[in-house]
Amino acid sequence: MADNAKEDFLQLIKRAGAFLTVKISNLLRHLDSRSFGAIAGLALAIVFTWRFIRTPRGPQRRQSKRQTPSGSSSGVSRASMNDVSSEVSNPPENSRTQNVVDEFFQPVKPTLSQIVRQRLSEGRKVTCRLLGVILEESSPEELQKQATVRSSVLEVLLEITKFCDLYLMERVLDDESEKKVLIALEDAGFFTSGGLVKDKVLFCSTENGRASFVRQLEPDWHIDSNPEIVTQLARFIKYQLHISPDKLERPASNVFTATSLEQFFGSV
């Protein structure tokens with residue numbers, strides 16, 4: 001309604017202007033200079049009035065044009081908000097986010113090095129039997145034929161050598177058995193740089209001699225597969241690990257049992 005009234009008013013102004021133009025043209029023929037100046041001032045007043053009336057329409061149109069993208073942008077904004085809200089409320093998205101959070105806050109699994117240190121209670125010297133622990137064979141008689149290293153113990157023993165003084169020992173029946181053991185250890189990679197020292201592989205001819213080695217070295221830990229030797233050394237050695245395929249009761253509070261070296265250190 002306001003726009004129609006303005007249009008009617010403008011038409012009226014235009015008609016008045018045309019009428020005045022005709023009249024003024026007739027009067028100009030008979031008026032002097034003063035009358036002509038008055039009429040020119042009236043014409044200027046009419047022109048300014050007309051421009052004043054038309055001026056607000058320009059900004060309104062520009063405003064309306066500006067409002068159009070504004071409305072579309074608000075529509076896009078509402079659409080975007082709807083998309084975001086739908087994504088937020090989407091159960092699969094929430095599930096994936098929760099999985100990421102759970103994975104991030106999961107307790108960190110300790111490394112083998114950390115497990116070895118913890119298990120050995122920061123012990124600095126370790127003695128270990130070969131038969132039934134590091135070698136597949138279980139008797140000196142078998143070593144006369146061959147010596148086979150358990151590949152699964154290599155990683156554990158190399159970790160022990162990083163912070164412990166490690167000695168390996170075994171009873172053998174002849175020099176050939178001793179050579180077979182050393183060759184098997186070397187082929188398995190025990191004597192690599194930073195690993196086991198060959199001079200710390202000790203051999204003897206009796207079980208009592210092996211027990212004597214352990215007592216002389218005074219280790220913090222001794223690892224053995226012979227229950228008699230474990231019992232004999234229990235009062236002399238701070239900690240012992242008895243390796244046995246059968247689950248046995250601990251003969252003493254300072255003796256631990258495991259089915260294998262790898263099982264005790266949690267590497268399998």
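In which strand does Arg129 lie? Arg129 lies in strand β1, and the views below start there. Keep in mind that this is a predicted model.

**View 1. Arg129 sits in strand β1.** Arg129 counts as buried because its relative accessible area is 7%, and the cut-off for buried is under 20%. Look at what its side chain does: a polar contact of 3.0 Å joins the side chains of Arg129 and Glu170. Glu170 is also one of the residues that Arg129 touches when you skip those up to four places away in sequence. Among the others on that list are Ile134, Met169, Glu207, Arg210, Ile223, Asp224, Ser225 and Asn226.

**View 2. Strand β1 pairs with β2 and with β4.** Strand β1 covers residues 125-129, and four of its five residues are buried. With strand β2 (residues 165-171), β1 shares five bridges, and the two run parallel. To find your place, pick out Cys128: its bridge partner in β2 is Leu168. With strand β4 (residues 221-224), β1 shares three bridges, again in parallel. Here you can use Thr127, which has His222 as its bridge partner in β4. A handy thing to remember when you trace a strand: in a regular one, the side chains alternate between the two faces of the sheet.

**View 3. Strand β2 also pairs with strand β3.** Four bridges join β2 to β3 (residues 201-204), and these strands run parallel. One pair to look for is Arg171 with its bridge partner in β3, Cys204. How does the chain get from β2 to β3? The path goes through helix α8 (residues 175-188), and this β-α-β crossover is right-handed.

**View 4. Ile134 is one of the best-connected members of the largest nonpolar core.** This core has 38 residues, and Ile134, Ile160 and Leu185 touch the most other members. Helix α7 (residues 154-163) gives the most to this core, with four residues. Apart from this core lies another, of eight residues, including Met169, Leu217, Ile229 and Leu233. Back at Ile134, the contacts beyond four places in sequence include Val149, Val153, Leu157, Leu168, Leu185 and Phe190. The neighbours of Ile134 also include Cys128, Arg129, Thr148 and Arg150. As background, nonpolar side chains in soluble globular proteins tend to be buried together.

**View 5. Leu135 is a loop residue with no exposed surface to speak of: its relative accessible area is 0%.** Leu135 lies in the loop between β1 and helix α6 (140-143). Is Leu135 buried or exposed? Leu135 is buried, because a relative accessible area of 0% is under 20%. Leaving out neighbours within four places in sequence, Leu135 is in contact with Leu130, Leu143, Thr148, Val149, Arg150 and Val181. Take the pair Leu135 and Arg150: they are 15 residues apart in sequence and 5.7 Å apart in space, C-alpha to C-alpha.

**View 6. Lys198 sits in the loop between α8 and β3.** Lys198 counts as partly exposed, because 40% relative accessibility falls between the 20% and 50% cut-offs. Setting aside residues up to four places away in sequence, Lys198 touches Leu182, Glu186 and Phe191. Now find Tyr167: Lys198 and Tyr167 are 31 residues apart in sequence and 9.3 Å apart in space, C-alpha to C-alpha.

**View 7. Glu218 has a positive phi.** Glu218 is found in the loop between α9 (207-217) and β4. The phi of Glu218 is near 50°, a positive value in a residue other than glycine. For background, most residues other than glycine have a negative phi. Glu218 counts as exposed, because its 64% relative accessibility is over 50%.

**View 8. Two cysteines, Cys164 and Cys204, are buried.** Cys164 has a relative accessible area of 8%, and Cys204 has 12%. How many disulfides does the structure hold? The count is zero.

**View 9. Stepping back, the chain has eleven helices and six strands.** Buried residues make up 30% of the 268 residues in the chain. Among contacts with a separation of 6 or more, 57% join residues 24 or more positions apart.

Definitions and conventions: Residues are numbered from 1 along each chain as its sequence is written. This is a predicted model: local features need pLDDT of at least 70, side-chain atom pairs count only at pLDDT 80 or more; totals for chains, interfaces and linings use all residues. Side-chain values use heavy atoms; hydrogens and water are left out. A nonpolar core is a set of buried Ala, Val, Leu, Ile, Met, Phe, Trp, Tyr and Cys residues joined through side-chain atoms within 4.5 Å. Buried means under 20% relative accessible area, exposed over 50%, partly exposed in between (1.4 Å probe, protein chains only). Contact means heavy atoms within 4.5 Å. Two strands pair if DSSP finds at least two bridges between them. A crossover is right-handed if, with the strands pointing away from the viewer, the path from the first strand over the helix to the second runs clockwise. A polar contact is a pair of N or O atoms within 3.5 Å; within protein, one must be able to donate a hydrogen and the other to accept it, and residues adjacent in sequence count only if both atoms are side-chain atoms. A disulfide is a pair of cysteine sulfur atoms within 2.5 Å.
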